[in-house]
Amino acid sequence: MRNHFFKISSLLLMLGSLPILAQLLSSPDNSSTPTWTEVFPGTNPSARSMHAMVYDAAAGKVVMFAGFGADSKVLSGTFLWNGHNWTQEHPKTHPSPRFFHSMAYDEGAKKVVLFGGFDSNFSLLNDTWVWNGSDWKQEHPKTVPPPRASSAMAYDSSDNKVVMFSGEILPETFNDTWVWNGSDWTEEHPSQAPAFRQGHAMAYDTARDNVVLFGGDGDGGIAQGDTWVWNGSNWSLLNPVHSPSPRSGHTMAYDSVKRVVVLFGGYDATNNPLNETWVWNGSDWTEEPNTGQPAPRFNQAMTYDSSHGEVVLFGGANNAGSFGDTFVWK
């Protein structure tokens, strides 16, 4: 106690007064400006794109599955990220090789949910799988959405359901909304919804209690630049003052420390790869400083690692090939 009091007294003496101390403590910490940092783990998954990645809160690890390899091989491996290193798992059962599938973490069931994608024969899938932290299990719900790829999924905590929107559904295009309650799929019929798209991204904005959707390729492969939110029963189109350019193949994740949705990369309306970082605060988009960001890319995977308070990004591709790198943003 004596030493503690002495340190505080000495600090106040140097500062001159308590108000100055209060002003110092309330000043913004410029060192907290988020930046991208490349991580070099001891083991690394092979280069890939069109894979999926989510944070498994029950296990405290990031889960990544499958994708499209640099050698044009369709992959099927399950990898875990513990904040420092990647580890390949070897579960007894697992989904077939695939790419452009969708994944989300079901907080209620404490399981990762996977749906659809393209298989090795480039055929569309509509199977549902769950990951319990050690093994995959195929679910057999009574109701199943049409086969699709390049859809987007997010867990709606306010409604305790996984939400999936649109995607590539051949030969027709749908702007359908589906929810997964842990055992079955149900199609929603909102009065308003985004137009059909694929390659869009979604994330649940915990601070605002809604699912945020941005961009994607619409009919004719035209890149979209619209922002929508899902409130559990309906979609609403927002009109922010600032916004990322129209794009597809980007990724989004909610940063619970900064209380913003983070968006990275994708490709623009002329198919040029991007490496901008934008954040959504519930009312407007802001572009972040380009500090240490990954090279321009699209179809990467990204999620928020709550255990380490950072956004994790892996892989992706650009016109020169695929990436096998790991970046964190914090």
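pLDDT is the predictor's confidence in each residue, from 0 to 100. The structure is a predicted model, in which local features need pLDDT of at least 70 and side-chain atom pairs count only at pLDDT 80 or more, while totals for chains, interfaces and linings use all residues. Residues are numbered from 1 along each chain as its sequence is written, and side-chain values use heavy atoms, with hydrogens and water left out.

**Exercise 1. Confidence**

Task: State the mean pLDDT of the chain, and identify where pLDDT stays under 50.

Solution.
Step 1. The chain has a mean pLDDT of 91, and 91% of its residues reach 70 or more.
Step 2. Residues 1-31 have pLDDT under 50 throughout. For this segment the model has 7 contacts (heavy atoms within 4.5 Å) beyond four places in sequence.

**Exercise 2. The largest pocket**

Task: Describe the largest pocket by volume, lining residues, contributing strands and residue classes.

Solution.
Step 1. Fix the terms. On a 1 Å grid over the protein atoms alone, a pocket is an open set of points with protein on both sides within 12 Å along at least five of seven lines, whereas a cavity is a set where a 1.4 Å probe fits but cannot get out; lining residues have an atom within 4 Å of a point. Grid points are joined across faces, edges and corners, and the volume is the space filled by probe spheres set on the points.
Step 2. The volume of the largest pocket is about 940 Å³.
Step 3. Its lining comprises 42 residues, with Val54, Met153, Met202, Met252 and Met302 lying nearest the centre.
Step 4. Strands are DSSP runs (E, at least two residues), numbered from the N terminus. At least two lining residues come from each of strand 3 (52-56), strand 7 (102-106), strand 11 (152-156), strand 15 (201-205), strand 19 (251-255) and strand 23 (301-305).
Step 5. Classify the lining: Ala, Val, Leu, Ile, Met, Phe, Trp, Tyr, Cys and Pro count as nonpolar, Asp, Glu, Lys and Arg as charged, and the others, Gly among them, as polar. The result is 24 nonpolar, 17 polar and 1 charged residues.

**Exercise 3. Salt bridges**

Task: Give the number of salt bridges, and characterise the pairs Arg247 and Glu276, Asp255 and Lys258, and Glu310 and Lys330.

Solution.
Step 1. A salt bridge requires a side-chain nitrogen of Lys or Arg within 4 Å of a carboxyl oxygen of Asp or Glu. The count by this rule is 8 salt bridges.
Step 2. Arg247 and Glu276 form one, at 2.4 Å from N to O. Arg247 lies in the loop between strand 18 (235-238) and strand 19, and Glu276 in strand 21 (residues 273-280), so this pair ties together parts that are 29 residues apart in sequence. Both residues are buried (under 20% relative accessible area; exposed is over 50% and partly exposed in between, with a 1.4 Å probe and protein chains only).
Step 3. In the salt bridge between Asp255 and Lys258, the closest N and O atoms are 3.4 Å apart. Asp255 is buried at 0% relative accessible area, whereas Lys258 is partly exposed at 30%.
Step 4. For Glu310 and Lys330, the closest N and O atoms are 3.7 Å apart. Glu310 belongs to strand 24 (residues 310-314) and Lys330 to the segment after strand 27 (326-329), so the pair ties together parts that are 20 residues apart in sequence. Glu310 is buried, with 7% relative accessibility; Lys330 is partly exposed, with 45%.

**Exercise 4. Two loop residues**

Task: Locate Thr43 and Asp325, and list the residues that each touches.

Solution.
Step 1. Thr43 is in the loop between strand 1 (36-39) and strand 2 (48-49). Beyond four places in sequence, Thr43 touches Asn85, Trp86 and Thr87. The C-alpha atoms of Thr43 and Trp86 are separated by 5.7 Å, with their positions 43 residues apart along the chain.
Step 2. Asp325 is in the loop between strand 26 (321-322) and strand 27, and is buried at 12% relative accessible area. Leaving out residues up to four places away, Asp325 touches Glu38, Arg297, Leu313, Phe314 and Gly315.

**Exercise 5. Backbone geometry**

Task: Describe the peptide bond joining Leu170 and Pro171, and the phi of Ser166.

Solution.
Step 1. Most residues other than glycine have a negative phi, and most peptide bonds are trans.
Step 2. The bond joining Leu170 and Pro171 is cis, with omega about 0°. Pro171 lies in the loop between strand 12 (161-165) and strand 13 (177-180).
Step 3. Ser166 has a positive phi, near 50°. Ser166 is also in the loop between strand 12 and strand 13, and is buried with 0% relative accessible area.

Conventions. Helix = DSSP H or I, 4+ residues; strand = E, 2+ residues; numbered from the N terminus.
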